[in-house]
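Colleague: Please walk me through one helix pair and one pocket. Keep it brisk.

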Amino acid sequence: MTVQSNFSLKKYNTFGIEAKARQFVAVHSVEDLKNILQQNLSEPKFILGGGSNMLLTRDIEALVIHIDLKGKKILKEDDDFVWVESQAGENWHEFVLWTIGQNFGGLENMSLIPGNLGTTPVQNIGAYGTEIKDTFVSCEAINIATQQMKTFSKEDCRFGYRESIFKNDVKDQFIITSVVFKLTKRNHKINISYGDITKELEKQNVSAPTLKDVSNAVIAIRQSKLPDPKELGNSGSFFKNPIISKENYEKAHALHPEMPHYVISETEVKVPAGWLIERAGFKGKRFGDAGIHKNQALVLVNYGNATGQEILNVSKDIQATILKEFGIAIEAEVNVI
Ligand code: EPU
């Protein structure tokens with residue numbers, strides 16, 4: 001375990017932003033993690049997973065701890081289900097592909113989401129009608145201040161749309177070290193209700209899709225809409241889809257009758273931010289090296305040498321315009337550092 005100084009984080013964030021860590025260390029075991037926390041009790045610390053959901057707007061004047069814990073195992077199984085535990089540093093998509101290879105069902109709709117497994121519960125990642133909370137059983141986490149391990153059950157995590165306790169009540173207090181998922185071994189709940197998946201499977205002439213078919217369809221859709229961070233720096237959806245009151249929605253809808261929406265409850269409606277951003281004229285626009293992706297307006301991109309501040313400025317411009325034109329406030333989904 002070597003601590004390095006003045007370390008470039010460019011390769012450690014999928015936006016590909018150049019920013020420096022005052023100090024940087026990668027940990028490969030929970031023991032190492034405990035030791036490094038104990039040895040640096042009074043130091044400011046910054047925890048880094050896969051770097052796929054953050055925008056760095058400055059250098060990090062802290063000890064950056066990169067969670068590189070690897071490994072996965074089957075904890076138990078019965079005829080119908082299997083309980084799989086994976087360490088936090090596993091790449092999410094590789095883990096999903098491994099589960100599909102074992103014929104374990106539940107994660108296939110979340111294929112190709114960038115980032116590491118340990119941060120998936122933090123924002124309850126989701127795609128194409130499935131969220132992590134649907135298969136999540138529990139996670140182990142280390143308390144940064146005391147180095148005690150704690151188990152968080154699904155109820156403890158208080159999952160919501162891109163929300164959990166880790167973004168709220170216990171923000172910055174714990175590091176997730178492993179996660180347990182309960183997956184199906186048979187009678188898989190194939191979920192192709194999300195329109196794009198049905199269309200993609202029809203295109204591929206698949207009528208009774210397997211887990212692999214669903215995964216392949218999701219991969220094809222994502223590849224057609226979402227840029228590959230290895231080719232074009234990005235952090236997936238930059239904004240959350242706003243959930244607004246019915247009255248607010250009705251006001252906006254009166255002016256824009258073609259606005260898509262999903263009813264959340266009797267009083268709330270969700271509106272796709274991608275549609276709002278496209279309507280406001282931002283889709284595909286470029287400001288220096290910062291821009292809005294041409295196929296999915298919810299994704300901001302770095303064409304090469306954009307600074308975090310430049311991308312943040314573009315995001316603020318978008319927010320102000322949407323508020324002015326539609327009376328709707330949209331908030332960032334990525335963590336702005
Ligand atoms: N839309 C537009 N223009 C755009 C993008 C979208 O009009 O440029 C409209 C679409 O026509 C559609 C609606 O917005 O009516 C929804 O679009 P889409 O199905 O692409 O999904 P999204 O709401 O934009 C969310 C997630 C994605 C996830 C997809 C699929 C959030 C913040 N984003 O995007 O997650 O992959 O659904 O389930 O909830 C991520 O979080 O990083 C991410 C990529």
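The dialogue below takes up a helix pair, then a pocket.

Modeller: This is a predicted model: local features need pLDDT of at least 70, side-chain atom pairs count only at pLDDT 80 or more, and totals for chains, interfaces and linings use all residues. Residues are numbered from 1 along each chain as its sequence is written, and side-chain values use heavy atoms, with hydrogens and water left out.

Colleague: How are two packed helices described?

Modeller: By the angle between their axes and the distance between the axes. Axes are lines fitted to C-alpha atoms, for helices over the stretch in contact; angles run from 0 to 180 degrees between N-to-C directions. Helices are DSSP runs (H or I, at least four residues), numbered from the N terminus. Here, α2 (residues 92-101) and α5 (residues 211-225) have axes that come within 9 Å and cross at roughly 155 degrees. That makes α2 roughly antiparallel to α5 (angles over 145 degrees).

Colleague: Which residues make the contact?

Modeller: Contact means heavy atoms within 4.5 Å. From α2 come His 93, Leu 97 and Ile 100; from α5, Leu 211, Lys 212, Ser 215 and Ile 219.

Colleague: What counts as a pocket?

Modeller: On a 1 Å grid over the protein atoms alone, a pocket is an open set of points where a 1.4 Å probe fits, with protein on both sides within 12 Å along at least five of seven lines. Lining residues have an atom within 4 Å of a point. The second largest pocket has a volume (the space filled by probe spheres set on the points) of about 310 Å³.

Colleague: Which lining residues are closest to its centre?

Modeller: Gly 105, Gly 106, Asp 134, Thr 135 and Lys 189, of the 20 that line the second largest pocket. Strand β12 (strands are E runs of at least two residues) gives the largest share of that lining, three residues.

Terms used: Angles under 35 degrees count as roughly parallel, over 145 as roughly antiparallel, 65 to 115 as roughly perpendicular and the rest as oblique.
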